[in-house]
Structures are given as structure tokens and as C-alpha cells.
Amino acid sequence: MSGVAHDAKPSTERTLFGHPIGLANLFGVELWERFSFYGMLTILGYYLYYSVTDGGLGMDKATATGIVGAYGGLVYLSTVLGGWIADRVLGMERTVLYGGVVVMAGHIALALIPGLAGVAVGLVAIALGSGALKANASSLLGTLYEKGDARADGGFTLFYLGINTGAFAGPLITGVLQSNVGFHWGFGAAAVGMALGLTQYVVFRRNLGTHGREVPNPLPRTAAPKAVAALAGVIVLVAAAWATKLLTLNSLPNVTTGVIVVASIAYFAIMLTSPKVDALERTRVRAFIPLFVANAVFWSLFQQMFTVLAVYSDERIDWDVFGWTAPSNWIGSMEPVWIIALSPLFAILWTRLGNRAPSTPRKFALGVVGMGAAFLLFTLFSGSHGKSVPILFVFVVLGGFAISELLLSPIGLAVTTKLAPNAFRAQMMALYFFSVGIGTSMSGVLSKFYHPSNELAYFGITGVVAIVVGVIVWLLAPFVSRQMEGVH
């Protein structure tokens, strides 16, 4: 607007508590998407391995937790497809909307279709929908702020609060429903939650204005048949692997991990050999490799909250609260409480420390070491039997999870954008999500080695390995920092 000074916000901008009003819309849809996602995820493993008389499918426990881990990996793998659809076909805003619709359809399938058919249809739909929504909601939020707008950090902090509020509330509701009236009611509640998020998104959609409506790199009509053929090829390949037993429910987490690892190596190779990447950018991409590995190790432990620790919660934790037995899946609501409480303190800490704060590689190292140390704490009860582990003890351990997450997760997102070559910004973010995906699917692979009788070995070995990886990253930190070329 020609009549507005360059250093002032346009007078026509509608705000809420000083932020663009569209933030409320995205806050709401992300809150309800995380409500539905974590509400479903925390009871999914139980649904798969509980006996038929208890309302489950009676699967082998290791296979069930492996499926949960593989599913989580597929969610992160599908963020690449979500980003591609936004960039080439729909734009970010419509991709978020349609992604939410697909998520809701997946939860409805889980709620209404019995048996493995409901699981297959539901999880594929939720993975694709969550990938589309997750890949674009935060990017769409970024478009609400001009470059250099000091309000942006505060806006993302509020957005992160919405994520964790949903993650906290979802398991509470679905757990009570699953315990009292059955699994399908819990899945139904997840569908209702997503429906509420979509409703407020559509009703207040105008608050987003034209943000995210444009398609940055439209797919030419002539290229559409190739895209459809590629999609059909992937479906045929998966079907063939399933028919020939190369892909089974038992091997799913291993195959998922392998696919994401191969895709990650390909992405790194493309960026490191591309003529569009100059020497400085290439050095920064190489600096990202140890951070990528550390991130994958961190998430392979953290995401066991939905695999190994889901079983641990069901079989080892004493959930008696003043004579009332709380649902086992409430373990999924504990860590978000710590995140909500500690996030502002970490924001203040990093602001006050400024350049005196540990470098990014050192923060990564501390996060991985902290995660390993938290796992080691579970060995304290490895000699006990039955439901004898106190809730308060687990709550404190999950505080360690939260501190480690805050040292690594927000920092990881930020450094990925700083180290990304100009020509590969979206792909670099895909790489970050791939590292999370590898860790998530690995949580399913590792879960096959857990049994209450070998807790000392399981938590001891995984904890020590993570600590060793963290120490190696700490020792490499000065070298990595130099390769990052000015990025703190």
C-alpha cells in the first residue's frame, strides 16, 4: 500500500492479541489434528494386540508395536508427497484443508470398519492426510508474517502450544472411551476431533485471505499423466511386494526404515552433486549429516512412547490413582504437560544466553545424551514384577524426554532452514522429516527386542548407545560448527 510507511504494518490487517487473525485458524486445525492423531496412536497398539474378547485383534505383540512404528515412519515419508501436492497442484491452503478431510475419513474407517481391513484403510488415509497437513500448516503460518516480522517467533510458539495441547487432550479422551465402551468409540472420538478442527477451519477460512492459495510451481497438464503413472507404479510395486511376501506385517517396520534410508541417501547425493549448489552450500549440507544421524537416533528412542513404552505402560506401570485405575494410554499425555510448562523457560533461556548458548551441534548432542539417560532410568525398576512402577517415577522420566526434545526438536527445524541450499529448501526440510521418520520406524524395529523379562538389557543397551552417539556428536561439534560456515 503506497500510503503506509514501510516500517508499519498495513492498517487493514486484522489481528488477534497482536498476531495475524489467521493464526487462530491454523492453531485450531493443528490442535484438533494432533488431538485426533495422538488420541488414536496411543490406543492403536492395544487394539492390535489385545485379545478379541478384550476388543482387540489378537495380534502378536511384537508385530503390533512394529506396525505402530512403521505407520509413524510412513506419516513422515508422506510429508514429501504433501509438499509436492501443495507446490505443484493445490497450493498450501487447500492441501491443509483436504489433508484434514482425508485424516477424518481415516479415523472414521478405523471406527466403523472391523478388523484388519479397517486398520489398513484407516492408517493409510491418516498417514497421507497427516503428511499433507503437517507438511503445509507450519509453512502456511510462516506466510502470515512478513520477513523480519518480530512477531513470527511468538506466533510459532503459540502454534507449538496448540500442537501440545492437542497431544495432551487426545489420549485422555480416547483412553477413557476405550477403557469403558471400546476401541471403536475411541477411534470415533478422534474422528469427531478432526471434524471440529475442519469445521472451524472452513467457517473462518476467510481469515487466511489469499495466503497459501497460489500454486508456486504448477504441474503442466502434459505432465499430469506421468504423475498419475508414477503413483500407479508405486501402488503396483507395493501390491507385488505384498503378494510375493517380500512385504509382510512383520517386516513392515524394517522395510519402511530401509525405504526412508535409501530416499535420504538419494536426497543427500542429489544435493551434494547438483550444479545448483555452490561450494559454501555443499559444505553446509555435509555439516547436516551428523545432525541427521543424531536426530534419527533421538527419535528412535523418543517414539518408543507409542511402541515399547505403550506395552510398558500397560504391563508395568501402577495406574492406581486414589482407588481409580487410569487408562494405560495416558502415558501419551504426560510428556506434553512438560513441553507446555518448559517451552517458555527454554525460549527465555536461549534469548538471554544469545551467542553464549551452546552451538547447534552441542544442543543436539545434549538432547541425544539426555534421551539415553532417561532410558537408563527405566533400568531402576528392571528387577520388579507386574504393575509395580509408580506413575510419579514415569512422569519424572518423561520430563527428561521433554527437556531432551526441547534441546533438539525446535533447534533442528531452525537449523535445517539455515543450512538448506537455496535451490533445495523444500527438499532439505523433507530430509529433516526423513530423519524423524527413520527414528519413528526404528522404534517399531527395536520394539521386537523388548520383553518385561529383559528390561535391564533392553533399556540399558539402548540408553548407552544413545549416550555414546551423543558424546561422539559433542566431540565432533567444533568440526561440524566450522562446516556450518557461520551458522551458530
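The exercises below, each with a worked solution, concern the predicted model shown above.

Residues are numbered from 1 along each chain as its sequence is written, and side-chain values use heavy atoms, with hydrogens and water left out. Because this is a predicted model, local features need pLDDT of at least 70 and side-chain atom pairs count only at pLDDT 80 or more, whereas totals for chains, interfaces and linings use all residues.

**Exercise 1. Find which residues form the nonpolar patch on the surface, and which helices supply them.**

Step 1: Begin with the rule, by which a patch is made of residues with over 30% relative accessible area and no salt bridge, like charges being joined within 9 Å and nonpolar side chains (Val, Leu, Ile, Met, Phe, Trp, Tyr) within 5 Å. Accessible areas come from the Shrake-Rupley method with a 1.4 Å probe, and for residues only the protein chains shown count as cover.

Step 2: The patch consists of Leu81, Trp84, Val89, Val102, Val124 and Leu128, which together have about 470 Å² of accessible area.

Step 3: Helices and strands are DSSP runs numbered from the N terminus (helices H or I, at least four residues; strands E, at least two). On this basis α2 (61-90) and α4 (115-143) each supply at least two patch residues, and the largest share, three residues, comes from α2.

Step 4: Val124 lies in α4, and Val124 counts as exposed because its relative accessible area is 51%, where exposed means over 50%, buried under 20% and partly exposed in between (1.4 Å probe, protein chains only).

**Exercise 2. Compare the span of α6 and of α7 with the expected span, and find what follows α7.**

Step 1: The expected span of a helix is 1.5 Å times one less than its number of residues.

Step 2: Helix α6 (residues 183-203) has 21 residues and should span 30 Å, and its end C-alpha atoms, 31 Å apart, agree with this. Among the buried residues of α6 are Phe183, Gly186, Phe187, Met194 and Tyr201.

Step 3: Helix α7 has 20 residues and reaches 29 Å from its first C-alpha to its last, close to the 28 Å expected.

Step 4: After α7 comes Lys245, which has a positive phi near 70°. Most residues other than glycine have a negative phi. Lys245 lies in the loop between α7 (224-243) and α8 (252-273), and is exposed, with a relative accessible area of 63%.

Step 5: Phe322 also has a positive phi, of about 50°, although it is not a glycine. The place of Phe322 is the loop between β4 (320-321) and β5 (324-325), where Phe322 is exposed at 85% relative accessible area.

**Exercise 3. Describe the second largest pocket and the largest cavity, with their linings.**

Step 1: On a 1 Å grid over the protein atoms alone, a cavity is a set of points where a 1.4 Å probe fits but cannot get out, while a pocket is an open set with protein on both sides within 12 Å along at least five of seven lines; lining residues have an atom within 4 Å of a point. Grid points are joined across faces, edges and corners, and a volume is the space filled by probe spheres set on the points.

Step 2: The second largest pocket holds about 2000 Å³ of space. Its lining has 43 residues, of which Leu74, Leu77, Leu128, Val234 and Val238 lie nearest its centre. The elements giving two or more residues to this lining are α2, α4, α7 and α8, and α7 gives the most, with 12 residues.

Step 3: The structure holds two cavities of 30 Å³ or more, and the largest cavity has about 80 Å³ of space. Its lining includes Phe37, Tyr38, Val68 and Thr440, with α1 (22-49), α2 and α14 (425-447) each supplying at least two residues.

**Exercise 4. Locate the salt bridge of Glu315 and that of Arg213 with Glu93.**

Step 1: A salt bridge is a side-chain nitrogen of Lys or Arg within 4 Å of a carboxyl oxygen of Asp or Glu, and the whole structure has five.

Step 2: Glu315 pairs with Lys61, their closest N and O atoms being 2.2 Å apart. Glu315 lies in helix α10 (residues 308-315) and Lys61 in helix α2, so the pair ties together parts that are 254 residues apart in sequence.

Step 3: Arg213 and Glu93 meet at 3.1 Å, N to O. Arg213 lies in the loop between α6 and α7 and Glu93 in helix α3 (residues 92-112), 120 residues apart.

Step 4: Arg213 is partly exposed at 37% relative accessible area, whereas Glu93 is buried at 0%. Salt bridges that share partners join Glu93, Arg205 and Arg213 into one network.
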